[in-house]
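Here are a few short exercises to help you find your way around a new structure. Try each one yourself before reading its solution.

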Amino acid sequence: MVSDQPYAQEFSRRRLLHSSAVAAATVVLGACSTTDGPTADQGDPDPSTRGGKGSRTKPVEPPAKFGEAPALAAQVKAGELPPVAERLPSRPYVVPHRWCTDGKYGGRMLNLVDKSDSGAINEYMYGRSPLRWLNDGLDIGPGVVESWESNDDASEWTLHLREGLKWSDGEPVTAADALYWWEDMVLDEVHTAIPPDSGRSGSGKPMTLSAPDDTTLLLTFDSPTPLTPALLANGVNTLDWFVPKHYLGRFHPKYNKKVEDKNWFEDHDQHANWVVDPDCPTLTGWHTTSYREGRQIVMERNPYYWCVDANGNQLPYVDEVVFSVVTEPEVRKLQIQEGSVDYVHGAFIPIGLGDISGMKGTQNQHDMDVLLWDSGSGTGSVFFFNYDYPEPGLRRLIRNPKFRQALSYGFNRAEAQKAIYYNTGEKTTGTYSPKSIEYQVNDEGKQVYRTWRDAYVDFDPDKAAQMLDELGVVDSDGDGVRELPGGGKLRIRIDVPADVSAEHSSKNNLLKADWEKLDIAVEINPIAPEAFGDQWQNGQLMAQSSWEVGDGPDHITGPWWFVPIEPARWAPLHGRMWSLRGTPEENKETDVDPWKRTPPRVDPEPGSPIARLWEMYDRAKSETDALARHRIVWDMVRIHIEDGPFFMGTVANYPQVTMRKKELRNVPARDQLALGGMVNTWAHPTPAVYDPEAYYWENPDAHT
C-alpha cells in the first residue's frame, strides 16, 4: 500500500459549504476600509497577482540550484559555513502553497507570548514534524520524512528520511535520533515520557521501532494502524520523533556515566527543549540564540533549514524572530495598538472579535491589517464538569446525563452568540469541528453533525427545571436553592484560572446568571494559573470553563475531547489511566482506591460510556476502510448525544482574528486557504501549517 498521500483521495471528496460566520463578521467590520481601518480578509494589496488558493498536494520538485540569505552567503565566503547545497538535504522540501510569491531576505518579526516556555511558540514552526497537514487538513504532505508506505493491513510502516538532512548545528539527522527518542526516553523505565498515539497500535500497545539503515525507520504494530500518517502530522507540541542524540546523550546516564542523579530526566528534558536551551540543535526554521526567562526569546535563521521556496531559495526569509513575554492580556493588546508587534495570531494573545473596533481606532499607530480566518471550532468557550469528581454524591449527579442535559437547556446561547461572538458562527450543544472529515464525507455524516450540534442547544428553562425536579434536585427546605438528591445544597463551582480571558469570563457570567434562575447556587472560583493544571489533572476541581473545542481534522487523530485519553479534559482520571496503557505503571496500585493512587486514575466501569468510547476508539484506529471508520465515529457521536453532553458548547466556527503589518507578505487571506482556515486546534498547528518561514518584508531594511 503506497501512501505518499494517504488521505488525498479520501479527503478530496470533502467540500465545505461557505460558513455564515465570516459573512456575519463582515457586518461587524462593515465600517472598515483600506483607508480608514483594518479590513477583514485583506491579503496582500493585490491578491490577484498571487499564485492562487490552497496548496499543491504532490511534493514539488526542488530546482537544480539553490539560493541563500546574504548574511549566510557572507559566512560561506568567509569559510564559516559550507555552501548552501551542502547544508540542504539532497531533496529539500519545497513550500507548496499557491499563495506564496518570491520573497526578500532580511528584517525581524516581533511577536508576543504570555510566558517564556509558551507552547504557542511551537505552533509557529512545523520543521520538527515527520509529516505535515496541507489544505486545512484535507491532505498530508512530507516533512522530515520524505516518503512512506505500509504493508497491506497497515500494521507495518516504513518511513524514509530525507538524505543529507542536518540539525541546526550542522550535524546529520539519522534514524538513530528517532531510536534515541523511543528507546532512551519513551521506553526508558526511569524517564517519564509515555508513548504517543503515533507510536501505539489500535490496541494501545507500543510499536516496535527499528532502523535498517541511517535514513529508514520501520514501525511494527501488533494490529492495523492505518492512521499513522495523520498522527505523524498532528501538532508540534507533543511530537518529537527526532531529537539530537549527539547533544542530549551527554545528559543521559546510559551515555554519560557521570550523570548520577536519579531524576536525571528533569535536567535532560530541560536541555531537550530547543526553545529554552540555545545550545539544543533543532530542525525548525529559526533557532534560539537568546533566552531570557520572563522577558524575551530571540531566534535567528537556522542556516541548515531544510525547506526552500519554488526557486530554490533557502528559507526562512526573515532573519530573526523575537517573542517578547507579556503576562497581562490587556498589556499585550496595548502593545499591539502601539505598534510594537508585527504579527498577531489572535488565538494566542488573545485578540477576538470584540477587539476589532479598538484595533481599527489605533490603526495609524500599529499599521496592521486584520485577517479573519475560520476558527474551525466545534465550540467556542466550553463548560465541562469533572466526570471523576472525588465526592461520591456529587459525582453520581455529574455522571447522570439528564443532569447535564438539563443544564444545557438552561443556558441561553443566543445571548452568548450576540454578546461574545457578535452574532457569528452557529449555536451548538458542543461538537467537534464542523470541518471534520466524518461530517463532510456524505449526507449521513452531515446529519450526524447537525444532530449532535442541535441535541440540547435549545434554551428551554421550563424543561430544564422539570428535568431537575425529576432527578430529585429540588428545593425541599424552601430557601430558594436546590439540593442534591441525597441531601445537602447543590453548589456548582466553575473553577477557572485567575487569568481567564474576557471571552470565557463573559460566558461564565452568563452561565451563572442563567443557572441561578433555575435556583442553583453557582460560584465562579479563580485559581492561580500555575496550580490549575495539576489540580485538574489530579481530579480535585469540580468544573472548568476556560477552554474551547477545536480539534480535528478528524475525530480519531485528534481525539482528546472525543475520548478521554489524557487527564486535561472532562474525565481526567480516566484519561490518566488511558495514558498509562502499555507502561509499567498500568498495573500498579490495582488494590488502591483510584482517587488515592499516585497519580490518581480510574478504570471505566464495564458498559459505561467511557468504556464503550475506549473500545470504539481502539476499533477505529485499526479500521483500514475509511467509510467503516467514519461509521464507528458516528456511533461514538451517538454516545455523546445519548449520554452527554460531556462538554457544553456555545458557538461553533466563529471567525478568528489574525493581524499582520501591511508590509509583511505571504500571509494568506481567508479566501486563499483551502477551507478558509482551521485555526483553533493544536492538532492542526496554526500558523505553522502556512509556513511563516515564507513570510517576508516588502522593505526588510525598515524592520531591523
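**Exercise 1.** Find the volume of the largest cavity in this predicted model, and sort its lining by residue class.

*Solution.* Start with the volume: the largest cavity holds about 70 Å³. Next, look at the residues around the largest cavity, among them R128, W167, D240, F242 and T282. Now sort the lining by class: nine residues are nonpolar, one is polar and two are charged. Finally, step back to the whole structure, where a search gives five cavities of 30 Å³ or more.

**Exercise 2.** Describe the second largest cavity: how much space does it hold, and which residues lie nearest its centre?

*Solution.* The second largest cavity encloses about 60 Å³. Its lining is made of 13 residues, and nearest the centre are S55, W99, N135, D136 and Y690. Sorted by class, this lining has seven nonpolar residues, five polar and one charged.

**Exercise 3.** Locate E61 and decide whether E61 is buried or exposed.

*Solution.* First, place E61 along the chain: it sits in the loop between helix 2 (20–28) and helix 3 (70–77). Then check accessibility. The cut-off for exposed is over 50%, and E61 has 54% relative accessibility, so E61 counts as exposed.

**Exercise 4.** Which residues does E61 touch, leaving aside its neighbours within four places in sequence?

*Solution.* The contacts of E61 are R91 and V94, once those sequence neighbours are set aside. With R91, look at the side chains: they make a polar contact at 3.1 Å. For a sense of scale, the C-alpha atoms of E61 and P572 are separated by 46 Å, with their positions 511 residues apart along the chain.

Note on methods:
Residues are numbered from 1 along each chain as its sequence is written. This is a predicted model: local features need pLDDT of at least 70, side-chain atom pairs count only at pLDDT 80 or more; totals for chains, interfaces and linings use all residues. Side-chain values use heavy atoms; hydrogens and water are left out. Helices (H or I, at least four residues) and strands (E, at least two) are DSSP runs, numbered from the N terminus. Buried means under 20% relative accessible area, exposed over 50%, partly exposed in between (1.4 Å probe, protein chains only). Contact means heavy atoms within 4.5 Å. A polar contact is a pair of N or O atoms within 3.5 Å; within protein, one must be able to donate a hydrogen and the other to accept it, and residues adjacent in sequence count only if both atoms are side-chain atoms. On a 1 Å grid over the protein atoms alone, a cavity is a set of points where a 1.4 Å probe fits but cannot get out, and a pocket is an open set with protein on both sides within 12 Å along at least five of seven lines; lining residues have an atom within 4 Å of a point. Grid points are joined across faces, edges and corners, and a volume is the space filled by probe spheres set on the points. Ala, Val, Leu, Ile, Met, Phe, Trp, Tyr, Cys and Pro count as nonpolar, Asp, Glu, Lys and Arg as charged, and the others, Gly among them, as polar.
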